[in-house]
Amino acid sequence: MFATVGMNSMVAAIDIAANLAQVRTRIEAAARAAGRDPADVALVAVTKTHGAAAIRAALAAGQRVFGENRVQEAEDKWPEIKAEFAAARLHLIGPLQSNKAKRAVQLFDAIETVDRPKIARVLAEEMAKANRRPACFIEVNTGEESQKSGVLPAQVDAFVRECREIYGLPVEGLMCIPPVDEEPSLHFGLLSEMAKRNGLRHLSMGMSADYEIAIAFGATFVRVGTAIFGPRPSFTGAK
Ligand SMILES: *Cc1c(COP(=O)(O)O)cnc(C)c1O
C-alpha cells in the first residue's frame with residue numbers, strides 16, 4: 001500500500017482502487033457491527049493536495065463523493081471533472097472565508113464548515129443569487145480548541161436555529177474534527193447528541209484513523225483521505 005509514483009506522493013491508480021475497496025469493506029463491517037444499514041454511511045474521499053489523476057482513479061473505482069478543504073484548490077481541479085462526471089458530489093470541509101462564499105456556492109454540493117453568523121448570512125445571499133442550495137453542515141469545535149474553527153458546543157443549538165430561521169439555510173447536519181490527542185469517541189458521542197436534539201439527520205465525523213469509531217457513534221459521512229490516497233506532502237495547511 002502507499003507505493004508512490006511521481007513527486008506528489010501520488011498513489012498508483014491500482015492502489016487507490018484497492019484502498020477504496022478496503023475502506024468500503026471496513027465501513028460496511030463497522031455499520032453492521034453497530035446495527036446500522038451500511039447504505040446510511042457515505043464515504044467522502046478527501047482529495048486535498050492530490051491531483052486529477054488520483055481523483056480520476058477514484059472515480060473509475062466508483063467513488064462519487066469527494067472532499068476538498070480549499071476553495072481555490074478545488075476550483076483548479078474540479079470544474080472539468082464535474083463537467084465530465086455529473087454524478088460527482090463535492091463537499092467543502094475546510095474553513096470558508098466570506099469573500100469566497102460565492103465561488104463555494106457555485107462549485108460545492110455541500111458546505112460542511114458553516115461556523116459563524118457572518119458566513120451564514122453571506123452563504124444565504126449567494127445561494128439566493130445563484131439559485132443553488134448546497135447542503136449545509138454546522139462545524140462544531142467539540143474540543144473547544146482555540147486554534148480551531150467551529151462553534152462551541154454551548155452555542156450550537158442557538159446557531160442552528162439562527163441558520164435555519166434567520167438565514168433559511170438548508171442545514172442538514174453537524175461536522176467535527178476532534179482534537180488529535182483525545183479519545184475521539186467522546187467527541188463523536190457529543191456531536192451525535194447535539195444533532196439529535198436539533199433534529200439533524202447527518203453527522204460528518206471520522207477520518208482515516210477513526211472512521212470506524214465514528215460509524216459506531218452514528219456518522220453518516222466519514223471523511224477519508226490518507227487511507228485511500230496515501231500520505232499527503234507536508235506543507236503548511238495540507239494536514
Ligand atoms: C484532511 C481532512 C480529512 C481527511 O484526513 P485523513 O486523516 O487523511 O483521512 C478529513 N476531514 C478534514 C476536515 C480534513 O481536513
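**Notebook: a look through one predicted chain**

I began with Lys77, which lies in helix H3, and I keep in mind throughout that the model is predicted. I looked up whether this lysine is buried or exposed. Lys77 has a relative accessible area of 14%, so it counts as buried, the cut-off for that word being under 20%. Leaving aside residues up to four places away in sequence, I found that Lys77 touches Thr47, Lys48, Thr49, His50, Gly51, Ile55 and Glu68. I also checked a pair that is not in that list: the C-alpha atoms of Lys77 and Gln22 are separated by 26 Å, with their positions 55 residues apart along the chain.

Next I turned to Glu75, which is also in helix H3, a helix that covers residues 71-84. Its relative accessibility is 25%, and therefore Glu75 counts as partly exposed; that label is for values between the 20% and 50% cut-offs. Which residues does Glu75 touch, not counting residues up to four places away in sequence? I noted Arg103 and Leu107. For Glu75 and Leu152, which are 77 residues apart along the chain, I wrote down a C-alpha separation of 30 Å.

**Backbone angles**

Thr49 had already come up as one of the residues that Lys77 touches, and I went back to it for its backbone. Thr49 is not a glycine, yet it has a positive phi of about 70°. I noted this because most residues other than glycine have a negative phi. Where is Thr49 found? I placed it in the loop between strand E3 (42-46) and helix H2 (52-60). With 12% relative accessibility, Thr49 counts as buried, because that value is under 20%.

I then looked up Asn131, another residue that is not a glycine and has a positive phi, here about 50°. Asn131 lies in the loop that runs between helix H5 (117-130) and strand E7 (135-140). Its relative accessibility is 71%, so Asn131 counts as exposed, the cut-off being over 50%.

**Cysteines**

How many disulfides does a search of the whole structure find? The search finds zero. Cys163 is in no disulfide, and the nearest cysteine sulfur to its own, that of Cys136, is 7.4 Å away; a disulfide would need the two sulfur atoms within 2.5 Å. Cys176 is in no disulfide either, and for this residue the nearest cysteine sulfur is that of Cys163, 17 Å away. I also checked how covered these two residues are: Cys163 has 0% relative accessibility and so counts as buried, and Cys176, at 0%, counts as buried too.

**The whole chain**

Last, I stepped back to the chain as a whole, where I counted nine helices and 10 strands. Why does the radius of gyration agree with a compact globule? For 239 residues a compact globule would have a value near 18 Å, and the chain has 17 Å, so I recorded the two as agreeing. The C-alpha atoms fill a box of roughly 50 × 40 × 35 Å along the principal axes. Buried residues make up 51% of the 239 residues. Of the contacts with a separation of 6 or more, 59% are between residues 24 or more positions apart. The chain exposes about 10,900 Å², and carbon and sulfur atoms supply 53% of that area. I closed with the charges, 29 positive and 28 negative, whose mean positions are 4 Å apart.

Notes: Residues numbered from 1 in each chain as written. Predicted model: local features only at pLDDT ≥ 70, side-chain atom pairs only at ≥ 80, totals over all residues. Heavy atoms only, no water. Helix = DSSP H or I, 4+ residues; strand = E, 2+ residues; numbered from the N terminus. Rg over C-alpha atoms; globule rule 2.2 N^0.38 Å. Buried < 20%, exposed > 50% of the residue type's maximum accessible area, 1.4 Å probe, protein only. Contact = heavy atoms within 4.5 Å. Areas by Shrake-Rupley, 256 points an atom, 1.4 Å probe, with all protein chains shown as cover. Lys, Arg positive; Asp, Glu negative; His and termini not counted. Charge placed at Lys NZ, Arg CZ, Asp CG, Glu CD.
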